[in-house]
Amino acid sequence: MRSRVGYNPAVTSELPHFVIHVADANDLSAVASLRALWDDADDHDLEGRIASWLAAEGDRRTIWLASVSDSPVGMASMFEYRRMPHPGRPDSRWGYVGNMFVREEFRDRGIGSALLVALIAAADERSYVRLVVSPSVRAQSLYRRAGFIVPDSAGDDRLFVRRPS
């Protein structure tokens, strides 16, 4: 899957083919390995802790993995929030984007953009009323290119919101 969000053919053409897929129980070690790289930490029980965390999250957490030659190089996740029903209004859901990570040697080559495109497509398919993210300073331009906006002036700790198109 290739993305046009932030697409740069000069660097993307140098990248080996990558694949984006929704993670399942068989991908726990891949998720744990990326999470360990992200925090640069050695945690012998990280895979077990992630398995417990995912089990507790149930069907409300979706994780996407990006792989090059069957090796995990990036991930993103989305958690579904379900609003309390309101009288006279249809029920609604929204997604919180988190855990976006691409291995340093694969950054700026379209993988993060492709992960985000997959995540946004799932949110649109699920009819979420919005997506919310609290991005790092470095990632803000990625989310802006994908249509996320700053809804108010909340200081340095901004939440970006993307409404469906």
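The legends below accompany close-up views of a predicted model.

**View 1. The overall arrangement of helices and strands in the predicted model.** The protein has five helices and six strands, and from the N terminus on these elements run in the order α-β-α-α-β-β-β-α-β-α-β. Of the 165 residues in the protein, 41% are buried. Among contacts between residues at least 6 apart in sequence, 60% join residues at least 24 apart.

**View 2. The open sheet of six strands.** The strands lie in the order 1-2-3-4-5-6, and the pairing within this open sheet is mixed. Strand 1 (18–22) and strand 6 (160–162) are the edge strands, each of which pairs on one side only, and the twist from one strand to the next averages 25°. Strands of a sheet pair through backbone hydrogen bonds, either parallel or antiparallel. At one end of the order, strand 1 and strand 2 run antiparallel and are joined by five bridges, with V22 standing opposite W64 of strand 2. Strand 5 (residues 131–133) and strand 6 also pair in the antiparallel sense, over three bridges, and here L131 has R162 of strand 6 as its bridge partner.

**View 3. Strand 2, strand 3 and the turn that links them.** Strand 2 (residues 61–68) pairs with strand 3 in the antiparallel sense over eight bridges; R61 has F79 of strand 3 as its bridge partner, while I63 stands opposite S77 in strand 3. The two strands form a hairpin with two residues between them, and S69 in the turn has a positive phi of about 50°. Strand 2 is mostly covered, with eight of its eight residues buried: R61, I63, L65 and S67 point one way from the strand, whereas T62, W64, A66 and V68 point the other way. Strand 3 (residues 71–82) is mostly covered as well, since nine of its 12 residues are buried, where buried stands for under 20% relative accessible area. Strand 3 also pairs with strand 4 (residues 93–102), again in the antiparallel sense and over eight bridges, and M75 has F101 of strand 4 as its bridge partner.

**View 4. Helix 3 and its buried side.** Helix 3 (residues 46–57) lies across strand 2, strand 3 and strand 4, and runs at about 135° to strand 2. The 12 residues of this helix should span 16 Å at 1.5 Å a residue, and the end C-alpha atoms are indeed 16 Å apart, which agrees. Which residues of helix 3 are buried? They are L46, I50 and E57, and because they cover an arc of only 35° around the axis, they lie on the same side of helix 3. The buried residues of helix 3 pack against helix 2 (28–39), strand 2 and strand 3, whereas the face turned away from the buried side carries the exposed residues S52, A55 and A56. Just after helix 3, G58 takes a positive phi of about 65°.

**View 5. Helix 4 on the sheet, and the nonpolar cores.** Helix 4 (residues 111–125) packs on the sheet, where it touches strand 1, strand 2, strand 3, strand 4, strand 5 and strand 6, and its direction makes about 30° with that of strand 3. In soluble globular proteins, nonpolar side chains tend to be buried together. The largest nonpolar core here has 29 residues, and those with the most contacts inside it are L115, L131, Y143 and F148. Two or more residues are given to this core by each of strand 1, strand 2, strand 3, strand 4, helix 4, strand 5 and helix 5, and helix 4 supplies the largest share, nine residues. Not counting residues up to four places away in sequence, L115 touches I20, W64, L65, A66, G74, M75, A76, M100, F101 and V102. A second, separate core of 11 residues includes V31, I50, L65 and M75.

**View 6. Q140 in helix 5.** Q140 belongs to helix 5 (residues 140–145). Is Q140 buried or exposed? Its relative accessibility is 16%, so Q140 counts as buried, the limit being under 20%. When its neighbours within four places in sequence are left aside, Q140 is in contact with P135 and F160.

Terms used. Residues numbered from 1 in each chain as written. Predicted model: local features only at pLDDT ≥ 70, side-chain atom pairs only at ≥ 80, totals over all residues. Heavy atoms only, no water. Helix = DSSP H or I, 4+ residues; strand = E, 2+ residues; numbered from the N terminus. Buried < 20%, exposed > 50% of the residue type's maximum accessible area, 1.4 Å probe, protein only. Contact = heavy atoms within 4.5 Å. Pairing = 2+ DSSP bridges. Axes fitted to C-alpha atoms, helices over the stretch in contact; angles between N-to-C directions. Core = buried A, V, L, I, M, F, W, Y, C linked by side-chain atoms within 4.5 Å. Expected span 1.5 Å × (residues − 1). Arc of directions from axis to C-beta.
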